[in-house]
Amino acid sequence: MLFRSIGLVHSRAHVLRALLEGIGLNLRWTLEQFRADFGFPAATLRATGGGATNDLWLQGIADITGRTVAAVDRPIFSGTLGAAACVLVGSGRFESFNALDQLVRVRRTFQPNLELKPMFDERFAAYQEVYRGLEKAYRLANYERFQKCR
């Protein structure tokens, strides 16, 4: 994890926001790579898990990625619902996974705030530059550790 331009004037709130923005910027980069590599636009994101219970976080993801974020109802049960979906399709009770849309309810939808787009475009470009500038250092610092994971 890297923090750049941090100083004594920054509070815990600044650090937390930087962490959340970093996650959002990395997600944006991943989504853009999916589009480039596979033609998969991912215009709407479905939010599941514990993070999907925080509306401020979901609005941030919408703003940073420029995509609609749909928060599902009861997001902490998404894994259970996914397992049930596999059983329902596998047993023939439902024809396909597309037929299961009726089981997934959207609690709330978050649209990106277009006024923030120029700011996040600028931050995204800076994020990519910092990463590219440190890519070799990341590799050197982590090579041995990742070799042990093989």
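This is a short talk on one pocket, one helix and a set of aromatic and polar contacts in a predicted model.

I'll start with the pocket. It is the second largest one, with a volume of about 330 Å³. Fourteen is the count to keep in mind: 14 residues line this pocket, and the closest to its centre are R17, L20, L56, W57 and G60. Which elements give two or more residues to the lining? They are α1, residues 12-38, α2, residues 55-65, and α4, residues 117-147. The largest share, seven residues, comes from α2. Sorted by class, the lining has eight nonpolar residues, three polar and three charged.

Since α2 gives the largest share of that lining, I'll stay with this helix. At its start, N54 puts a side-chain oxygen within 3.0 Å of the backbone nitrogen of L56. L56 is also one of the residues closest to the pocket centre. Further along, the buried residues of α2 are L58, I61, A62, D63, I64 and T65. What do they pack against? On the helical side, their partners are α1 and α4. On the strand side, they pack against β1, residues 44-47, β2, residues 68-72, and β3, residues 106-110. Just after the helix comes G66, with a positive phi of about 75°.

Next, the aromatic rings. The count comes to six aromatic pairs. One of them is W29 with Y127, an edge-to-face pair with 6.0 Å centre to centre and 75° between the planes. In sequence these two are 98 residues apart, W29 in helix α1 and Y127 in helix α4, so the pair links distant parts of the chain. Are the two residues buried or exposed? W29 has a relative accessible area of 16%, and because the cut-off for buried is under 20%, W29 is buried. Y127 is at 24% relative accessibility, which means that Y127 counts as partly exposed.

Another pair is F34 with F38. Their ring centres are 6.0 Å apart and their planes stand at 80°; because over 60 degrees counts as edge-to-face, that is the label here. Both residues sit in helix α1, four residues apart, which means they are separated by about one helical turn. In general, an α-helix has 3.6 residues a turn, so residues three or four places apart point the same way. F34, at 36% relative accessibility, is partly exposed, while F38, at 64%, counts as exposed.

There is also a cluster: ring pairs link W29, F124, Y127, Y131 and Y138.

Y138 leads to the polar contacts. Its backbone oxygen is reached by the side chain of N142 at 3.0 Å. N142 is in helix α4. At 17% relative accessibility, N142 counts as buried.

The last contact involves S91. Where is S91 placed? It is in the loop between α3, residues 78-90, and β3. A polar atom of the S91 side chain lies 3.3 Å from the backbone oxygen of L88. S91 has a relative accessible area of 54%, and because exposed means over 50%, S91 is exposed.

To go back over the main points: α2 gives seven residues to the pocket lining, and its buried residues pack against two helices and three strands, α1, α4, β1, β2 and β3. W29 in α1 and Y127 in α4 form a ring pair, and both belong to the cluster that includes Y138.

Definitions and conventions. Residues are numbered from 1 along each chain as its sequence is written. This is a predicted model: local features need pLDDT of at least 70, side-chain atom pairs count only at pLDDT 80 or more; totals for chains, interfaces and linings use all residues. Side-chain values use heavy atoms; hydrogens and water are left out. On a 1 Å grid over the protein atoms alone, a cavity is a set of points where a 1.4 Å probe fits but cannot get out, and a pocket is an open set with protein on both sides within 12 Å along at least five of seven lines; lining residues have an atom within 4 Å of a point. Grid points are joined across faces, edges and corners, and a volume is the space filled by probe spheres set on the points. Ala, Val, Leu, Ile, Met, Phe, Trp, Tyr, Cys and Pro count as nonpolar, Asp, Glu, Lys and Arg as charged, and the others, Gly among them, as polar. Buried means under 20% relative accessible area, exposed over 50%, partly exposed in between (1.4 Å probe, protein chains only). Contact means heavy atoms within 4.5 Å. A polar contact is a pair of N or O atoms within 3.5 Å; within protein, one must be able to donate a hydrogen and the other to accept it, and residues adjacent in sequence count only if both atoms are side-chain atoms. Rings of Phe, Tyr and Trp (its six-membered ring) pair if their centres lie within 6.5 Å; planes under 30 degrees apart count as stacked, over 60 as edge-to-face and the rest as tilted.
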